[in-house]
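Thanks for making the time this morning. I would like to walk you through one structure, beginning with a small piece of it and then stepping back.

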Amino acid sequence: MNSQNFLRISASRERIPLGVLGVALLLLCTSFTTIRAAWADALPQKSPPFESDGAALSRTPSLPVIRVAPDFILLNTVNQPVHLSDLRGQVVLISFIYTSCTSACPLLTARMSALWGRLKRDGAAARQVRFLSITVDPARDSAAALERYVKRFKADPARWSFLREERQKLQPVLAAYDEWTRPQPDGEIDHPARLYLIDRRGRLREIYSISFFDERQAFLDIQALLHQSP
Amino acid sequence: MKRGKAARRLMWAAIGAVVLLGTTHSAMAEICLSPYVKQRTGQEKYLYVWSVDADAKDNDFMAVIDVNMTSPTYGKILTTIDVGSKGNEPHHMGLTDDRTRIWAGTLFSNTIFIFDVASDPARPKIVKVLDDLGKLTGMMGPHTHYALPGRMLISFLSKADGGLPGGMAEFTNDGQLIRTIQHPDSAPYAYDLAIKPGLNLMVTSSFTAYRNYSKPLSQWNMKDGGNTLLVWDFKERKLLQTLQTGPVPLEVRWSLKPKAAYGFTNVALDDSLWMFKRTNGKFVATKAADLGKGCLPADLRQSPDDKYLYVSCFLKNEIQVWDVSKPEKIRLHDTVVPGVQPNMMHVTSDGKRMYISNSLLSTMDQADRFWVRLAHIGPDGRVKMDPFFNVSFMDFPSGPARAHDMLLY
């Protein structure tokens with residue numbers, strides 16, 4: 001990844017009405033390597049940006065129990081604890097991000113945002129789904145920094161929580177999800193860009209790679225889990 | 001409104017630029033690995049070679065070769081990691097999606113060794129051994145180790161008793177079994193698997209079972225092998241179609257073009273390449289090229305630009321380069337002779353180098369010397385052997401070893 005080519009985009013509130021443009025420009029200034037992998041199969045043709053197109057979908061996905069989702073308590077942007085096990089009865093989608101990331105994270109969050117849009121249009125589904133985005137960079141991602149990120153992506157704070165914790169308490173959570181971090185000389189943090197889908201009984205049922213994440217399929221996966229008894 | 005239009009125009013320009021520039025960028029995961037494997041950047045440093053003690057009297061091991069061109073020990077074996085047992089028949093291996101671990105399987109002892117390669121890439125460490133696969137999965141002979149996000153999907157050549165059917169098993173990256181998938185009785189042989197995520201499709205191929213491949217080649221029942229490709233709905237892990245090919249289709253290579261619904265396989269006992277292709281919603285398999293009698297195409301690799309296929313002719317001592325830029329009309333482009341019985345190939349992510357080894361199976365090998373060699377691939381797709389890179393696998397303290405599958409760090 002050549003960070004010298006990167007331009008960081010200010011997330012000022014004045015520019016947020018052009019949020020789509022902002023993200024597109026961010027993409028332009030982002031590692032071509034990462035973007036190529038992420039967009040190779042999901043580049044929109046006619047559909048709106050950040051919505052997948054072209055991939056075949058499955059309406060009856062096979063979602064085996066991968067393992068019990070490791071439990072955790074982390075803090076949201078107003079320093080209230082969020083306990084994963086308190087979310088039993090809801091389907092939970094978890095991502096690991098950091099806000100100064102210029103490559104996979106904004107793309108990943110934008111795709112989650114597109115998925116949230118689909119869920120919201122569905123109404124009933126949205127009420128039974130929670131998104132959690134956990135920062136892997138607690139040193140730089142203060143509660144205020146996460147709050148700015150929430151606003152940048154227009155996340156509904158009631159349903160989509162951005163979580164943090166001090167490094168010592170965060171580390172076991174990362175390890176439990178097989179996530180790791182490698183700080184890079186340019187300030188970026190290398191880490192696996194996966195998303196974790198948890199059913200209403202707290203079991204991990206799907207792991208997505210951002211490179212091939214299709215929010216239309218994730219929507220169908222969530223619906224499939226919601227149709228199963230809690 | 002004007003502002004909105006301008007914004008949209010700029011956005012599409014940005015996306016267009018990203019894609020245009022992205023397509024010329026070559027820093028992607030090596031071709032023929034699972035598409036879910038994280039990209040590696042820069043020139044490779046270490047080549048891991050999964051190695052079989054030649055006479056099975058000493059322990060098998062993973063060899064680490066220095067392939068950093070700027071290193072004073074370039075082209076030398078840096079170390080070997082003893083797996084602590086012999087007669088395993090180390091065969092294929094695969095990286096986890098995050099490139100931190102190598103899953104390395106064995107065909108005789110039905111074991112998977114999980115190596116940590118992230119902590120110290122020069123000295124991989126065994127962190128887990130799955131030595132109860134028969135009991136755990138009901139299957140035998142882990143072959144293709146294919147990364148999924150946070151998981152590994154493994155094809156198995158046999159049922160636990162060495163018979164049929166084979167199938168697949170899915171594990172978490174740290175080795176917990178998630179589920180097994182049996183091949184149907186109507187097409188029970190298993191071998192390779194390859195997924196095309198954008199199409200939600202998986203194709204599996206068919207070799208033979210432990211009851212056959214564990215015997216010396218002269219005792220093989222040549223009729224006890226598969227001649228099918230299976231097309232699966234990947235997301236549902238549901239069989240969609242069974243395609244007939246010549247006898248024993250081995251490696252499965254999807255076209256690298258994102259939306260292209262076709263690929264190739266090397267059909268070992270038919271000395272041919274076959275193409276599988278979706279037409280009007282259904283897949284068909286057809287012979288694409290004859291490779292010449294007595295080739296025994298053992299491995300099949302791709303160039304990152306999707307233009308060439310590399311076929312190792314195990315019995316003809318050559319590697320053939322096929323131009324597949326017109327997939328319906330492929331043609332022989334080049335041939336190179338790397339040495340006796342070339343088998344496994346590993347093409348670098350920039351498509352400029354190919355590492356080659358020359359062991360297939362201890363029951364099939366006829367070569368008396370084992371090695372890892374390097375070929376350079378020119379921009380014209382022509383392949384030339386490197387006269388200086390020649391790593392002998394004859395001089396270990398335990399004696400000769402058969403060099404089989406290879407992975408890069």
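**A hairpin, a sheet and a helix**

Let me start in chain B, where strands S5(B) and S6(B) form a hairpin with five residues between them, and where B:Asn110, which sits in the turn, has a positive phi of about 55°. Please keep in mind throughout that this is a predicted model.

The two strands of this hairpin pair in the antiparallel sense over five bridges, and along that pairing B:Arg101 stands opposite B:Asp116 in S6(B). On S6(B) there is also a pairing with strand S7 of chain B, residues 125–130, again antiparallel and over five bridges, in which B:Ile114 has B:Lys128 as its bridge partner. Four of the five residues of S6(B), which covers residues 112–116, are buried, so this strand is largely enclosed by the rest of the structure.

Stepping back to the whole of chain B, we find three helices and 28 strands. Its radius of gyration is 21 Å, close to the 22 Å that the globule rule gives for 409 residues, so chain B is as compact as a globular protein of that length. Buried residues account for 53% of those 409 residues.

Now to chain A, and to helix H5, residues 143–152, in which A:Leu146, A:Tyr149, A:Val150 and A:Arg152 are buried. Seen down the helix axis, the buried residues of H5(A) fall within an arc of 160°, so they line one face of the helix. Their cover includes strands S5 (129–135) and S6 (160–163) of chain A. After H5(A) comes A:Lys154, with a positive phi near 50°.

Terms used: Residues are numbered from 1 along each chain as its sequence is written. Chains are lettered from A and ligands numbered from 1 in the order in which they are written. This is a predicted model: local features need pLDDT of at least 70, side-chain atom pairs count only at pLDDT 80 or more; totals for chains, interfaces and linings use all residues. The radius of gyration is taken over C-alpha atoms; the globule rule is 2.2 Å times the number of residues to the power 0.38. A residue is buried if 20 or more other C-beta atoms lie within 10 Å of its own, exposed if 12 or fewer, and partly exposed in between; C-beta atoms are placed from the backbone. The arc is that of the directions from the helix axis to the C-beta atoms. Two residues are in contact if their C-beta atoms, placed from the backbone, lie within 7 Å. Two strands pair if DSSP finds at least two bridges between them.
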